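Reader: I should like to learn how the features of a protein model are read, one at a time. Could we proceed from the general idea to the particular case?

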Amino acid sequence: MKTLDFILTVFLLSLLSSCDEKPISIPEFEPPESERVIVLEDLTGASCQGCPAGSTKLASLIQLFDGNLIGVGVHGDFLSNPVVGHSIYDFRFDKAKELEQLFTYQGKPAAIINRINYEDQNFHGIDNVDLWQSYVERELEKPNYLTLLHNSTYDATSRTLNMEIVGAPVRNLEGSFNITVMLTESHIIDAQKNGQVIEDDYEHNHVLREIITETRGDFFTNDLEIGNNITKEFAYTLPEEDGTWVDENMEVVVFITKVEGNSEETIQATEFHLVE
């Protein structure tokens, strides 16, 4: 009888132990290995109540895809006006408005990723921030065709930037290509609508301040051929500092797009500090 009791006890204990929850091990995310650098243009605005969610997501993705993702905050037209009675600065300018008008989007925030209108999306702008990462990953899976190099000098007294951009093809690719050069600025403290509140001390980052080239870029080359490097030179003088246009807070963003009619696709990009 004691033997039977012992066997029953062991059986019950084994059932209880089998019911214990075992922790599920979730592997740490590893970004795809890639030489590509992706550009995410975030259509945003100071008067856009939902746009801080996009800025937060963009910041996390830049950190996640360390070195493989560049963010640009485009304050174009829709919901980009300063917050009445609160804003000090106006981030809008003509080329930013022109840029926003190039893309289709349903609402803000919306991510334009490598300027592609994906077949499984109705618009260029992806307004579900939870989807942004998957599209960046998709771009990083594509082959790289080009290495971008830069040689730049900045004179703090004259506030003049001179730069030489070199494109070195690593694969052959036919087509027509444009180069776009932008200036962005971070650490700007100014008002932002956030849901039902207005944050007067909101930190705006990666704000598009200027497009040095034409809005859709300047001509870069026809056809990429290994061994045939392309060199372009640009110069720009910054406006006087007014609380913004703080040179040490500014980045130069350069990217190459393959242009086919009214559509385009960014194939490579680079970014560097104005003040090294």
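Author: The dialogue below takes up a helix, a sheet, the salt bridges, a disulfide and a single residue. Please keep in mind that this is a predicted model.

Reader: Let us begin with a helix. Which residues of helix H4 are buried?

Author: Helix H4 spans residues 132-140, and its buried residues are Trp-132, Tyr-135, Val-136, Glu-139 and Leu-140. When one looks down the axis of H4, these buried residues fall within an arc of 145°, so they line one face of the helix.

Reader: What covers the buried residues of H4?

Author: The cover includes one helix, H2 (51-64), together with strands E1 (38-44), E2 (69-75), E3 (110-113) and E13 (263-273).

Reader: I turn to the sheets. How should the pairing of strands be read in general?

Author: The strands of a sheet are paired through hydrogen bonds of the backbone, in either a parallel or an antiparallel sense. In this structure, an open sheet is formed by three strands in the order E4-E5-E11, with antiparallel pairing. Strand E4 (146-155) and strand E11 (230-237) are its edges, since each pairs on one side only. On average, neighbouring strands of this sheet are turned by 15° against each other, direction ignored.

Reader: How many bridges join E4 to E5, and which residue stands opposite Asn-162 of E5?

Author: Ten bridges join these two antiparallel strands. Opposite Asn-162 in E5 stands Thr-153. The hairpin of E4 and E5 has four residues between the strands, and in this hairpin Arg-159 takes a positive phi near 60°.

Reader: How many bridges does E5 form with E11?

Author: Strand E5 (residues 160-169) pairs with E11 over eight bridges, in the antiparallel sense. Two positions illustrate the register: Gly-167 stands opposite Ile-230 in E11, and Leu-161 has Tyr-236 of E11 as its bridge partner.

Reader: To what extent is E5 buried or exposed?

Author: Seven of the ten residues of E5 are buried, so this strand is largely enclosed by the rest of the structure.

Reader: Next, the charged side chains. What is the general idea, and how many salt bridges does the structure hold?

Author: Side chains that carry opposite charges can pair when their charged atoms come close. The structure holds eleven salt bridges. One of them joins the side chains of Arg-36 and Glu-139, at 3.5 Å from N to O. Arg-36 lies in the loop between helix H1 (2-18) and E1, whereas Glu-139 belongs to helix H4, so the pair ties together parts that are 103 residues apart in sequence. Arg-36 and Glu-139 are both buried.

Reader: Which residues are linked with Arg-36 and Glu-139 in a network of salt bridges?

Author: The network also takes in Lys-142 and Glu-265.

Reader: What does the salt bridge of Glu-41 look like, and which residue is its partner?

Author: Glu-41 forms its salt bridge with Arg-115, and the closest N and O atoms are 2.9 Å apart. This pair links distant parts of the chain, with Glu-41 in strand E1 and Arg-115 in the loop between E3 and H4, 74 residues apart. Glu-41 counts as buried, at 1% relative accessibility. Arg-115 is buried too, with a relative accessible area of 2%.

Reader: Are the partners Lys-258 and Glu-260 buried or exposed?

Author: Here the two partners fall into separate classes. Lys-258 is buried, with a relative accessible area of 18%, just as the cut-off of under 20% requires. Glu-260, with a relative accessible area of 53%, is exposed. The closest N and O atoms of their salt bridge are 3.7 Å apart.

Reader: How many disulfides does a search of the whole structure find, and what is the handedness?

Author: The search finds one disulfide. The disulfide joins Cys-48 to Cys-51, with an S to S distance of 2.2 Å. The torsion about the S-S bond is about 85°, so the disulfide is right-handed. Both Cys-48 and Cys-51 are buried.

Reader: Finally, how would one describe a single residue? Where does Ile-62 lie, and what does Ile-62 touch?

Author: Ile-62 lies in helix H2 and is partly exposed, with a relative accessible area of 21%. Leaving aside residues up to four places away in sequence, Ile-62 touches Leu-69, Gly-71 and His-206. Ile-62 and Leu-40 are 22 residues apart in sequence, and their C-alpha atoms are 9.6 Å apart in space.

Note on methods: Residues numbered from 1 in each chain as written. Predicted model: local features only at pLDDT ≥ 70, side-chain atom pairs only at ≥ 80, totals over all residues. Heavy atoms only, no water. Buried < 20%, exposed > 50% of the residue type's maximum accessible area, 1.4 Å probe, protein only. Arc of directions from axis to C-beta. Contact = heavy atoms within 4.5 Å. Disulfide = S-S within 2.5 Å. Pairing = 2+ DSSP bridges. Axes fitted to C-alpha atoms, helices over the stretch in contact; angles between N-to-C directions. Salt bridge = Lys/Arg side-chain N within 4 Å of Asp/Glu carboxyl O.
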